[in-house]
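Student: I'd like a close look at one part of this model, with its surroundings and the whole chain kept in view. Please keep the cut-offs explicit, since I will want to check them against the coordinates.

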Amino acid sequence: MQIYNCTVVFKLFKDNVKFSQENYLKLARFGINTEYNPKRFHSIIMRLRHKGNKTTAALIFQSGKVVLTGVPSPELANETAWRVVKSIRASNSAAGNFQKIGINNLLVTNIVGAYRHEQKLAIEKLFKQLRQQNIKANYDPTIFPALRFKINVEERDGEVSCLCYISGRVILTGIKSIHEMKHVFNNYILPRIKNFHEHNFFI
């Protein structure tokens, strides 16, 4: 299983400091690669490009909270956060004094992992087995093409979500670290899907 992307959260200010309404609107207007439409979403969106044509969206809230979505890997979390800070500081002359901003309480909140099984999956058979095991699962191909199920992992709080497609593609979300991703996939996901190849049911 490989990392597809991750979500990162941090604060621009310490304590309870936040943007003034005036400076926040100036940042929306003069910020680098920013867009702001409060009727659609109540944060400034700043877009950052990475190698390989991947894009991270930074959601900048007036409270000073920043949510980074689409970060290529946890290792790039700090670097990407600093790119946001530097872009805001570069707006200083037009949008107010932002020199006091920095990175505070940075945290990777979600990792999305992706895996491609070597064979197609017998999704309906897998769905029936999961239901028999009292695992939360949903599969209705007329609404969504993937089998969706959640697993409670003993070693952590909260659930991990999994999507399985007939093509063999598997997506994991709700992961907090690379170690956890490997552990959950090898011990909870792979054992459940490895015997559900389509050809096993058409001999």
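Tutor: Here is the overall picture, followed by a walk that centres on one helix residue and its surroundings.

The model is predicted, so local features need pLDDT of at least 70 and side-chain atom pairs count only at pLDDT 80 or more, while totals for chains, interfaces and linings use all residues. Residues are numbered from 1 along each chain as its sequence is written, and side-chain values use heavy atoms, with hydrogens and water left out.

Let's begin with the whole chain. It has 5 helices and 10 strands; these are DSSP runs numbered from the N terminus, helices being H or I with at least four residues and strands being E with at least two. The C-alpha trace spans about 70 × 35 × 30 Å along its principal axes. The radius of gyration is 21 Å, whereas a compact globule of 203 residues would have one near 17 Å; this radius is taken over C-alpha atoms, and the globule rule is 2.2 Å times the number of residues to the power 0.38. Of the 203 residues, 43% are buried, where buried means under 20% relative accessible area, exposed means over 50%, and partly exposed is in between (1.4 Å probe, protein chains only). Carbon and sulfur atoms supply 49% of the roughly 11,800 Å² that the chain exposes, an area from the Shrake-Rupley method with a 1.4 Å probe. Contact here means heavy atoms within 4.5 Å. Among contacts between residues at least 6 apart in sequence, 58% join residues at least 24 apart.

Now to the part I would pick: Thr80 and what surrounds it. Thr80 sits in helix H2, which covers residues 77–89. Is Thr80 buried or exposed? Its relative accessible area is 1%, so Thr80 is buried. Not counting residues up to four places away in sequence, Thr80 touches Leu48, His50, Thr56, Leu68 and Val71. Leu68 is 12 residues away along the chain, and the two C-alpha atoms are 8.2 Å apart.

Going back along the chain from H2, you meet the loop that joins strand S5 (65–71) to this helix, and Leu76 is found there. Leu76 counts as partly exposed because its relative accessibility is 25%. The C-alpha atoms of Leu76 and Cys6 are 9.6 Å apart, although 70 residues separate them along the chain.

That brings us to strand S1 (residues 2–11), where Thr7 has its place. With 18% relative accessibility, Thr7 counts as buried. Beyond its neighbours within four places in sequence, Thr7 is in contact with Val67, Leu68, Thr69, Leu107, Val108, Thr109 and Asn110. Leu68 therefore links the two threonines, as a contact of Thr7 as well as of Thr80. Strand S6 (residues 104–116) also holds Asn105, which has a positive phi of about 55° although it is not a glycine. Asn105 is exposed, at 66% relative accessible area.

At the other side of S5 in sequence, Ser63 lies in the loop between strand S4 (55–60) and S5. Ser63 is partly exposed at 33%, and its contacts outside the four nearest places in sequence are Lys11, Val17 and Lys18. In the loop between S1 and H1 you find Asp15, another residue with a positive phi of about 55° that is not a glycine. Asp15 is exposed, with a relative accessible area of 70%.

That loop leads to helix H1 (residues 21–30), in which Tyr24, Leu27 and Ala28 are buried. Seen down the helix axis, these buried residues fall within an arc of 100°, so they line one face of H1; the arc is that of the directions from the axis to the C-beta atoms. Exposed Glu22 and Arg29 are carried on the face turned away from the buried side.
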